Protein chains: 4
Amino acid sequence: MTVASSPSILPHFDRVRRQSVRLCEPLTAEDYTVQPAPDVSPPKWHLGHSTWFFENFILADHLPGYRRFDERLNWFFNSYYESQGPRILRSQRGNMTRPGLEVILEYRRHVDTAMRKLLQEGNETVHTLTELGLHHEQQHQELLLTDIKYILGSNPLYPIYQPREAESPPPVAHRFLPVSGGRYSIGHAGGGFCWDNELSRHDVLLQDFGIGSRLVTNGEYLAFIRDGGYSRFELWQMEGIEWARTLEVKAPLYWYPEGDAWRQYTLNGGLVDIDPDLPVTHVSWYEADAYVRWAGARLPTEFEWEVACRQYEPQPDRDGNWVERGSYHPTAARHADDHQLLGHCWEWTNSAYLPYPRYPRPEGALGEYNGKFMVNQMVLRGGSCATPLSHIRPTYRNFFQTDKRWQFTGIRLATDR
Amino acid sequence: MTVASSPSILPHFDRVRRQSVRLCEPLTAEDYTVQPAPDVSPPKWHLGHSTWFFENFILADHLPGYRRFDERLNWFFNSYYESQGPRILRSQRGNMTRPGLEVILEYRRHVDTAMRKLLQEGNETVHTLTELGLHHEQQHQELLLTDIKYILGSNPLYPIYQPREAESPPPVAHRFLPVSGGRYSIGHAGGGFCWDNELSRHDVLLQDFGIGSRLVTNGEYLAFIRDGGYSRFELWQMEGIEWARTLEVKAPLYWYPEGDAWRQYTLNGGLVDIDPDLPVTHVSWYEADAYVRWAGARLPTEFEWEVACRQYEPQPDRDGNWVERGSYHPTAARHADDHQLLGHCWEWTNSAYLPYPRYPRPEGALGEYNGKFMVNQMVLRGGSCATPLSHIRPTYRNFFQTDKRWQFTGIRLATDR
Amino acid sequence: MTVASSPSILPHFDRVRRQSVRLCEPLTAEDYTVQPAPDVSPPKWHLGHSTWFFENFILADHLPGYRRFDERLNWFFNSYYESQGPRILRSQRGNMTRPGLEVILEYRRHVDTAMRKLLQEGNETVHTLTELGLHHEQQHQELLLTDIKYILGSNPLYPIYQPREAESPPPVAHRFLPVSGGRYSIGHAGGGFCWDNELSRHDVLLQDFGIGSRLVTNGEYLAFIRDGGYSRFELWQMEGIEWARTLEVKAPLYWYPEGDAWRQYTLNGGLVDIDPDLPVTHVSWYEADAYVRWAGARLPTEFEWEVACRQYEPQPDRDGNWVERGSYHPTAARHADDHQLLGHCWEWTNSAYLPYPRYPRPEGALGEYNGKFMVNQMVLRGGSCATPLSHIRPTYRNFFQTDKRWQFTGIRLATDR
Amino acid sequence: MTVASSPSILPHFDRVRRQSVRLCEPLTAEDYTVQPAPDVSPPKWHLGHSTWFFENFILADHLPGYRRFDERLNWFFNSYYESQGPRILRSQRGNMTRPGLEVILEYRRHVDTAMRKLLQEGNETVHTLTELGLHHEQQHQELLLTDIKYILGSNPLYPIYQPREAESPPPVAHRFLPVSGGRYSIGHAGGGFCWDNELSRHDVLLQDFGIGSRLVTNGEYLAFIRDGGYSRFELWQMEGIEWARTLEVKAPLYWYPEGDAWRQYTLNGGLVDIDPDLPVTHVSWYEADAYVRWAGARLPTEFEWEVACRQYEPQPDRDGNWVERGSYHPTAARHADDHQLLGHCWEWTNSAYLPYPRYPRPEGALGEYNGKFMVNQMVLRGGSCATPLSHIRPTYRNFFQTDKRWQFTGIRLATDR
């Protein structure tokens, strides 16, 4: 992790910490508690776990005389750090009604007070670890939104999270933007924070390729469905079509059939009609892979994507307010050269999540953060509407298993030239 | 179902309905919501389901102009009545954060108001159905307590439900009370309410037998554990020892090891020492069956139990306050002839749950209540500390699968003579 | 077990032992080996296991100087006797290509030679144990046939086991035969062999009832299917309809759809048309229970069945040749008073498999034979076409779990009067 | 697929076809039939499936008037070609006792006769497809050996497949051989047969690295075990340690504990002592990945491996006889520069199995051969003792899921320089 020196992290600390609580404000106490799928953690748990990170990895070691809020919480809020002692089974998170929300909010205040005190000391290591903790918390803010969507979106009442008028974008034609082959540098170049897995900047060779000028839309994906895409085995990886058959998958997550049509759950509108001009999202890698084959194209590699992003994407300019991807973003008025490469969807690539050359798995607990998941996952690039702005950069490597769909995942075509 | 004529059911209606809400008062909003095991329903769900019963089976048919509170709730609160339309999967109950507690309490008030209006009309059918609905609700009151115990008792904080000082009873010697063989009548004789499965009173032949003068105690059960009872296959049914091996069962539910000893979760005390003189409870039929073989005895049949109960049990005399079975009941001071046959534990019998001769499975939804579970379950008799007083009678047939332990289930010995 | 004194068991020993080998003669080496379902054992295994029974329980203890054929075989051929040491997992039986058939046949000869020598000594205990071993082997002869049917009947080539012309019986009207209520003795009365679970003859009280004059036919069962029987929940136990839904059961085992019709695999004919006048077979208890409810009747209890059998069934008179139940038995020409109570199908009853009063579970390995399965199974009575003649008697209690269908199981109606 | 022109394929055809049958000769009929794990196919099935390949993809289209041996065999011997119609479930292969071995051998003769006739015509397409079919059959010859090892090696009698005296090699020190970074060409260069997935030769950039001078030995792996390697989470991918925990993996496949030591099943010796100087084999990718981290090294990528192989490996020179990898190969006397890169073990790499740039998934059935498995598998390089000689080349890409161990899989270290 590379961390820029910053004398005044305190306001940033307060802002990030407040944002987690703010994201949960529309929830009821019940919404905070449940875990309707193994990957979905209770919002209450995210609030506790991101706090435990500061207590366990910073305060316990660096604030003399710090008294833990409650020793027993370690047991609840350790996610998967084997080095940090025993923990409840992940599948049990949604059964833990205690500690309750009030206790967890008090826990946050307890830790925040101690952190503020510690941060005033200006210790360098503390500063670095705090920046890490804040990025960690921001990742959980994205999970908060996707987990809230799952909790509300699988409830037959389809409750709205934050009402907001959807605007429909005009249709935009798709074309392939050319990128020339050659030798390119990949990975984080220094300057600003990045994760360990972006480091070890190194060169790769690329061949000429074309990259889609925008994301695949709902309307295009609907054509795939109507063309029998889900049952045409020649379009799929064998593992993919078995996945679709076993789970009877026939459309993206949150698409619900209504008569002959499909409707879609969104956080801002509840159950709404599908807008054919918005990007399709909540698809698995299996579906993305089958779709691109149907479309006569392929997925980009993560290297192609990173090079194309640097070449074609203007600087992100967003106000930081959270907006469902399925809604047209009014403040970032779409113009001809918005290729949606950053901040619209996590885009599946055809690259497996593997270490870059000379990637050093960090020692200790930090080595468990990104380094112990480097098998059987695929890389996603770009960042979604749920991603905190400071996490959106061309080198960021997100990764999920090939069947995961509850993130805001989308599809971009690539082609040989 | 036999129902006694009663002109003034209204006060009873109010009392029962209030009791369900009262039982939940110590809970937090989170406690109301979760389902930590498939058999355990969220307390919130019990409150809604028992209300839906009145709306769906009484108000909809008998109160002209009745407007359902919200049509969509049918989907949530139908438990298993196939005749009453689609419903969410049982396993999904704990993921339903909406409708929230406030909405459900409002639902209860809506239905109670309408029921009160309807009950003033004095319609006979309504009266009968209401009595049925109240008994149904009382069954769910028992489930409320056992489900609350599971929710709290599987949380590592071991929260106390209702604090209450435990009193320890003096040890009482065990002996076998003699019952003479002969022809006995079994089943409900008329007078007062009973369930359909208690009807069809009929005669059976019994041989001489002895019945335990009290329930098996924690101390006795501990001796079984220490004697290697859980791994001595000759004591078990094959299915039972496979169950214990697969799930690594080594003690009753809610017993937690601490060093070389066992502690126990109770609703009134949290995690407490095990009192050797209290009845053992939260055992499966498999464990009960193995224990009695170890003790050189056997389980009674449900017929033996019913006959013994009539012969030896004095009238119940309890104040109706709920007390954890694991606590000594201070208001019902134990005397020499208290054989604990009623109101202490549900006692496993060696009788399968089958229809009595000429049992008529009722038509329609009511036939789904007791009649569609008559296979692969065993009968329990006696009633527990969680059972509403009016449900405690010698003919009541409770039934569960042989692996179930979250009810207050205990063991009584029987023997041939 | 009651065993009649018999001076000349040797010819009987030879006959029974030969019969097991004879039953397998139509098989290929491959047929001998596989286990296409957990309940189905490889024929080779049956040949070895029944031999191991004699070696392990008789020769090892009673023939001085007996040398085991191969110590390692204990590991393969112990079925479930925990008291007899470790054994391969039941699910692994079908993966054991060694010991091969030739070795097992040699094992049989080795044991038979030793047994013949031992039997000439006329020891009483040996005689008793041998008779037990032969009944055990005959039970495995029935399993051999049902397991062979499963092995061949789930192969898309539908190979014929033993070709035999099917004769079609004339249709026979169904009526209810009356049985008067009263006090009846149940269980084995002495004279001839019986199993431990038939003992403890005792009296029961029965009410007036009617018993079907014949088994339910394929044609009748087809009407149930066509009437939507498999999806009408009100006909089923809840556990039953969930079983049928989960496994997508729509007809008896071995019925295969062909266009709009059903065909059926039989051992004597391969895939053949269904004869509407033959008894339906290969149904689970769940299906039997749903069918009788559809037919407006009920299943008999095992006690009703035993009493009716004594009253209505003439002595069995069969030539002992094995004939598929689905074929009309030519040598036992059907006459007006053949009620098919013995030797046609195992008939599901509505009695759980439980010990009779004062049943003593035998000590040691024998106690594992019948006594450790007395939970969550239902009793079947009557004996099938696959049952050795000497096992067909009114008191014989067969038992299986409620989902089992690979035995020749059928349905008889009963009714209240 | 690139296929070299070859006028006289007929002798080669006969040789390859004969070799499949020859490999099975030590088997009993039972050994031919079973499927003790989902990945393991019955040897009988391999013989049928490789024959079906010729019938279905060559004879049916190219030999006028060809009469299929038996239409129904299609159903059995289609492996996973969705384009070629329905087929039995893979998990059912081991339950298919028919067609029997004799029928399958007759099937082989039928097809061979027709193929010989067809091959004399000298048709180019036929020639190409035949070469493909023979390579396909040779892949199944490798599977035959690994499947036979699984069938015999999980039988407690540990039967020997082909007895052969093991010779123990002398210990050889391990060092890292240097490879310089730079631009290298990867993939098949033309000349001789290769699979589609080796094509699209392209350049990659490598950094300086070191590659192990030999495979990791049993003795080295034993040190990892004794050092607690299987329970030290920091050495593993999270998915890997969960795999090991769930399945209780504590050693390579075919290692069996005996007291404090381990013994190993081999095809040539049955259960034998472990030779510390032979390469460890039958490890999963998870285990290989944990081992190299323990050893302070890493796995090579498939690109590094291919470059190192070209640099360091002398030409293969083997007599083509099959020898268990766990035995020292007497005819290929080990010399100082034998780095075991080809023909000893399939070596796990840290490269996911993904298409090379511009890889064209072939149309039709052939596209199902390699192209539909390109997700969640890892590449293995080198070839094992079970690999036909003509399949051993530096560009061959084998691929398996990360938990697979029944192939002859081993470990080679790599390191950054």
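**A tour from one sheet to a two-fold axis**

Select chain A of this predicted model and colour strands β5, β6 and β7, which form an open sheet of 3 strands in the order β5-β6-β7 with antiparallel pairing. Strands here are DSSP runs (E, at least two residues) and helices are DSSP runs too (H or I, at least four), both numbered from the N terminus, and two strands count as paired if DSSP finds at least two bridges between them. Look next at the edges of the sheet, where β5 (255-258) and β7 (270-273) of chain A each have a single partner strand, so one side of each is left without a neighbour in the sheet. From one strand to the next the twist averages 40°, the angle being taken between N-to-C directions of lines fitted to C-alpha atoms, on a scale from 0 to 180 degrees.

Now zoom in on β5(A) and β6 (residues 261-266) of chain A, which pair in the antiparallel sense over 4 bridges; select W255(A) to find its bridge partner in β6(A), Q264(A).

Residues are numbered from 1 along each chain as its sequence is written, and chains are lettered from A, with ligands numbered from 1, in the order in which they are written. Local features need pLDDT of at least 70 and side-chain atom pairs pLDDT 80 or more, while totals for chains, interfaces and linings use all residues, and side-chain values use heavy atoms, with hydrogens and water left out.

Step back to the whole of chain A, which holds 9 helices and 12 strands. Its radius of gyration, taken over C-alpha atoms, is 22 Å, close to the 22 Å that the globule rule (2.2 Å times the number of residues to the power 0.38) gives for 417 residues, so chain A is as compact as a globular protein of that length. The C-alpha trace of chain A spans about 65 × 50 × 40 Å along its principal axes. Buried residues (under 20% relative accessible area, with a 1.4 Å probe and protein chains only) make up 60% of the 417 residues in chain A.

Finally, show chain D beside chain A: a turn of 180° with a shift of 0.0 Å along the axis lays chain A on chain D with an RMSD of 0.0 Å, the copies being superposed by least squares on the C-alpha atoms of residues with pLDDT of at least 70 in both. That is the relation of a two-fold axis. To find the axis, select N376(A), the residue of chain A that comes closest to it, at 2.4 Å (C-alpha). The same surface serves both copies, since 100% of the contact residues of chain A (contact meaning heavy atoms within 4.5 Å) recur in chain D.

Methods
Buried < 20%, exposed > 50% of the residue type's maximum accessible area, 1.4 Å probe, protein only.
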